[in-house]
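Welcome! Below are some short exercises, each followed by a solution that goes step by step. Have a look at the model first, then work along.

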Amino acid sequence: GSFAERVRFSAYMVFMVLFCLFVYCPLAHWTWHPDGFLRQLGVIDFAGGIVVHASSGVAALAGALFLGRRSEIRHEPANVPFVLLGAAMLWLGWFGFNAGSGLKADGIAANAFLVTHVATATAAVTWMVIDWVFNKKPTTVGACTGAVAGLVAITPAAGTVGLLGAFAIGIITPVVCFFMVASIKPRFKYDDALDAFGVHGIGGIVGSVLSGVFATQFITGSEGPQGALYGDWHQLWVQIVATLFTVVYSGVVTFILYKIVDKLVGMRVDKRVEEEGLDVYEHGESAYN
């Protein structure tokens, strides 16, 4: 998403294989395997806020910085109904992504289903209101973006927070993500084409940290983790340390992988290809005939 419209498809495929092997797989092992050092540290990551979203969001930023800006940036979405359709499909599919991460049909899965929906709906409305206040109009794309931010942020927390945590995460996350997209990105002028870092990366980071605030033993049980809101500040520090480690690890390793792939096959397409469209030159197809 971050480097759309300027990368060779062959380079993209090679990079994704390397990313899965050298970033995703180690993080998945460290976070979810009983012997993983982040797991032994006590990190909360129910369905992948650190392993999936924070790591790939930081990788997205590294890609945008490595490749530089597109020669022509189109700010308007090509098809708003497709944005809405895609967000709706994500919202539905995310119930399987989060609730299914419990690996059984029990109370934790039911809670994950509930808080996923509540956080997402809250985030969609929150982003719409922010849009309304700052840009004078509520937008479909804004509401969809907020929903995605909510989906991402509740992912690590879905098995440990209740409704209070879901509402809080659904309000806080879109505020931070909106600031990143509307203020930080224009200020530093990096070309994150689909706000993969601003929404997925930052959403994963915020959700992972807030898991250490709103986790409650009402959901996790008497032996489970609980967050700073309920007196366990140690859990919050564990979340911060694990998230910072993920950001640094993914950023450094991914930047090295971009360098390797660029040397092997070359990542960026020629200027003419970029201007006339990758669909035709890379695939021999056109989205609209």
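**Exercise 1. In which helix is the place of Ile260?**

Before starting, note that this is a predicted model, in which local features need pLDDT of at least 70, side-chain atom pairs count only at pLDDT 80 or more, and totals for chains, interfaces and linings use all residues. Residues are numbered from 1 along each chain as its sequence is written, and side-chain values use heavy atoms, with hydrogens and water left out.

Step 1. Find Ile260 in helix α10. Helices here are DSSP runs (H or I, at least four residues), numbered from the N terminus.

Step 2. Check its cover: Ile260 has a relative accessible area of 38%, so it is partly exposed. The scale runs from buried (under 20% relative accessible area) through partly exposed to exposed (over 50%), with a 1.4 Å probe and protein chains only.

Step 3. Look around it. Ile260 belongs to a nonpolar surface patch of about 580 Å², together with Val14, Val248, Val252, Ile256, Leu264 and Val265. Such a patch is made of residues with over 30% relative accessible area and no salt bridge, with nonpolar side chains (Val, Leu, Ile, Met, Phe, Trp, Tyr) joined within 5 Å. The areas come from the Shrake-Rupley method with a 1.4 Å probe.

Step 4. Helix α10 (residues 233-264) gives the largest share of this patch, 5 residues.

**Exercise 2. Describe the second largest pocket and its lining.**

Step 1. Begin with the term. On a 1 Å grid over the protein atoms alone, a pocket is an open set of points with protein on both sides within 12 Å along at least five of seven lines, whereas a cavity is a set of points where a 1.4 Å probe fits but cannot get out; lining residues have an atom within 4 Å of a point. Grid points are joined across faces, edges and corners, and the volume is the space filled by probe spheres set on the points.

Step 2. The second largest pocket holds about 570 Å³ of space. Its lining has 19 residues, and the closest to the centre are Trp32, Arg39, Asp45, Phe46 and Ser101.

Step 3. Two or more lining residues come from each of the elements α1 (9-32) and α9 (217-220).

Step 4. Sort the lining by class: 8 residues are nonpolar, 7 polar and 4 charged. In this sorting, Ala, Val, Leu, Ile, Met, Phe, Trp, Tyr, Cys and Pro count as nonpolar, Asp, Glu, Lys and Arg as charged, and the others, Gly among them, as polar.

**Exercise 3. Which residues line the largest cavity?**

Step 1. Searching the whole structure gives 1 cavity of 30 Å³ or more. The largest cavity has about 40 Å³ of space.

Step 2. Its lining is made by Glu5, Arg70, Ser71, Glu72, Arg74, Glu274 and Glu275.

Step 3. By class, that is no nonpolar, 1 polar and 6 charged residues.

**Exercise 4. Trace the salt bridges of Arg70, Asp195 and Glu274.**

Step 1. Side chains of opposite charge can pair when their charged atoms come close. A salt bridge is counted when a side-chain nitrogen of Lys or Arg is within 4 Å of a carboxyl oxygen of Asp or Glu. The structure holds 6 of them.

Step 2. Arg70 pairs with Asp191 at 2.7 Å, N to O. This joins distant parts of the chain, 121 residues apart: Arg70 is in the loop between α3 (49-67) and α4 (80-99), and Asp191 in the loop between α7 (163-188) and α8 (196-214). Arg70, at 9% relative accessible area, is buried, and so is Asp191, at 4%. Both belong to a salt-bridge network with Glu5 and Arg6.

Step 3. Asp195 pairs with Lys185, their closest N and O atoms being 2.7 Å apart. Because Asp195 lies in the loop between α7 and α8 and Lys185 in helix α7, the bridge ties together parts 10 residues apart in sequence.

Step 4. Glu274 meets Arg268 at 3.1 Å, N to O. Glu274 is buried at 9% relative accessibility, while Arg268 is partly exposed at 26%.

**Exercise 5. Leu103 and Asp195 both deserve a look at phi. Is Leu103 buried or exposed?**

Step 1. Most residues other than glycine have a negative phi.

Step 2. Leu103, in the loop between α4 and α5 (107-135), has a positive phi near 65 degrees. Its relative accessibility is 77%, so Leu103 counts as exposed.

Step 3. Asp195 also has a positive phi, about 55 degrees, although it is not a glycine. At 16% relative accessibility, Asp195 counts as buried.

Technical notes: Patches are made of residues with over 30% relative accessible area and no salt bridge: like charges are joined within 9 Å, nonpolar side chains (Val, Leu, Ile, Met, Phe, Trp, Tyr) within 5 Å.
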